[in-house]
Amino acid sequence: EGGGGEEVYRIPTIPEDWIGWEMGEAFCSRCMSSKELDVLSPRTIGKPELLVAYLEWAVGALTRQGLQLQTLPFIRVYEFVGGHVMKNPGMVSLAKLWEGRVYADLGLKEEAEKSRAAAGSLELDPAQEREFEQHIRQREMLRTATAASQQNQGLDGGRTQSAAERNAKPDPWIRILRPVQEHEVWVRQAEAKYLEGDSKKAKQMLTRALKYAKSNEDELGEGQCLHLLSKLAGLEGHTSHAIQLELEAQAYTNVFEFWCESCTHLADMMAQEALTVFGGHSLDDATSVLASADDTFGQVLKDKPNLANDITPLRAALRMKAAALTLSNSVRQNSMGSSLWQKAHAEHRAAMDGVCEELSALGGGQQLVQALLLRCQMSELPAAEDPAGRQTRLLECLALLDKAEEEARKNCRVSRGANPPPKGVCLAVDRDLAWVKLEQSRLLCDLCEEKRQHPWALEPRPAIPPFPEIEGRDSTAILNYMDPLSASSEGAIVNRAAKLEEKALLAAGTALDLTSDQRLRVRARASVGRCLVLLSSAVGQIDRA
């Protein structure tokens, strides 16, 4: 707030108020000219390259945790630093692309289109195109002249550079702070376009950035370009070409963050390639590839225990993917009457227990909710033959869903506090909670049907007392005799099962209210209809649900 008649600028204080909030030119000018220590300005920023690196990391970390609303303040600061402090229009366009992606994830189509339109076409105008081509030619001429000079005179006073010096790579654990280069912004813009689904535009920008990175001899930039081109090839179904590009990308740089992402993508592509092979062992090959990548990360974690926060989520993602592949194969073979899948299924189910424990030790989060949901689905197989086994299995699955619900509600409190879900906004944490409630509703309905058919599977049936001896017309003894039977009568059994149906209906209704995702809402309505049918049949009134 300004004093002495100056205009007052108010910044949003709750996450949902950042939606649509823009830094106006007057606000940015005020920040640029401020000399106060508690105002974002060139004086307080100091090294903008360092702040930009931290902002990029924060946006990525929050996005991975499903906290979209919390990324908006960081994106606003990134836009301010890039546009006003560093005078880089490309960074402003990148911030708008990030903003559009966040709005699209939140289900705000109009805001997303507005942000993407503000990002511009990302094309070079004729003057920039000529400058780009001139820069490439100058770098090629300089590289040719340098190579000739090195060949004739040698390096460092006549000493020729050794192969070890030429192939030496920087320390992967140290990130060198350097000015933001133009092709680095292009790579990030291409990644944003790839996440939007605009593969054509992303490939065009990556080709330009790769040419620029080669001219500047930027190995990290070349590796990032090839990595994204590999992702695009995998998206188009060319897994062999994607693997080749990823292997080439890894030869350029050994920076830790890039290496982790590259290894994860390479394992995914190799697993996908294995699944396309005809034969009965394709699934085994795919899971073995993912297990090898998991072992590689495990060896790194053994050597560097302080990297647990970075390595553990990657290992969990690999094991979850292997478990999901095994689950789909188990369902298919079980429907065919085969039992050869049970050993591998049990191994991956045990592995998922380890994943849940490791993620819980790190504080949980969105990935833990997804792991618990997958673990619950794996617990449903193999199906038990006896009623007691089926009901016990359903109760175990419901216990896992209770843990998932607790974690999902914790994520919701982190994302939006104690406030209800914003109207018209579809948060990722709310979607996770809705999926959990839908699974609860489905399993509760299954348990209710089992309880109706086999009410005494898990508890002893009440013993019937001997018939009383009476004299005369006194009916009190008979009434007292009939009372104990009420607990085992058909009406009492239906009433106890109806409590499960009411819980299932409440869970489905909660899922319906949590999110505006149409896919989830359709499933929630179907679950509500099933609960109503079961409730109406309990009293013999099958109405239209």
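Student: Which exposed residues sit on the face of α6 turned away from its buried side?
Tutor: This is a predicted model, where local features need pLDDT of at least 70, side-chain atom pairs count only at pLDDT 80 or more, and totals for chains, interfaces and linings use all residues. Residues are numbered from 1 along each chain as its sequence is written, and side-chain values use heavy atoms, leaving out hydrogens and water. Exposed means over 50% relative accessible area, buried under 20%, and partly exposed in between (1.4 Å probe, protein chains only). That face carries Glu110, Glu113, Lys114 and Ala117.

Student: How wide an arc do the buried residues of α6 cover?
Tutor: Helix α6 (a DSSP run of H or I, at least four residues, numbered from the N terminus) spans residues 109–119, with Ala112, Ser115 and Ala119 buried. They lie on the same side of α6 because their arc, taken from the directions from the helix axis to the C-beta atoms, is only 65°.

Student: What is the phi of Gly120?
Tutor: Gly120 comes just after α6. Its phi is positive, at about 85°.

Student: Which residues are exposed on the other side of α1?
Tutor: In α1, residues 25–33, the buried ones are Phe27, Cys28 and Cys31. Their arc down the axis is 95°, so they line one face of the helix. Across from them, the exposed residues are Glu25 and Ser33.

Student: What do the buried residues of α1 pack against?
Tutor: Contact here means heavy atoms within 4.5 Å. The partners of these buried residues are α2 (42–45) and α4 (68–85).

Key. Helices (H or I, at least four residues) and strands (E, at least two) are DSSP runs, numbered from the N terminus.
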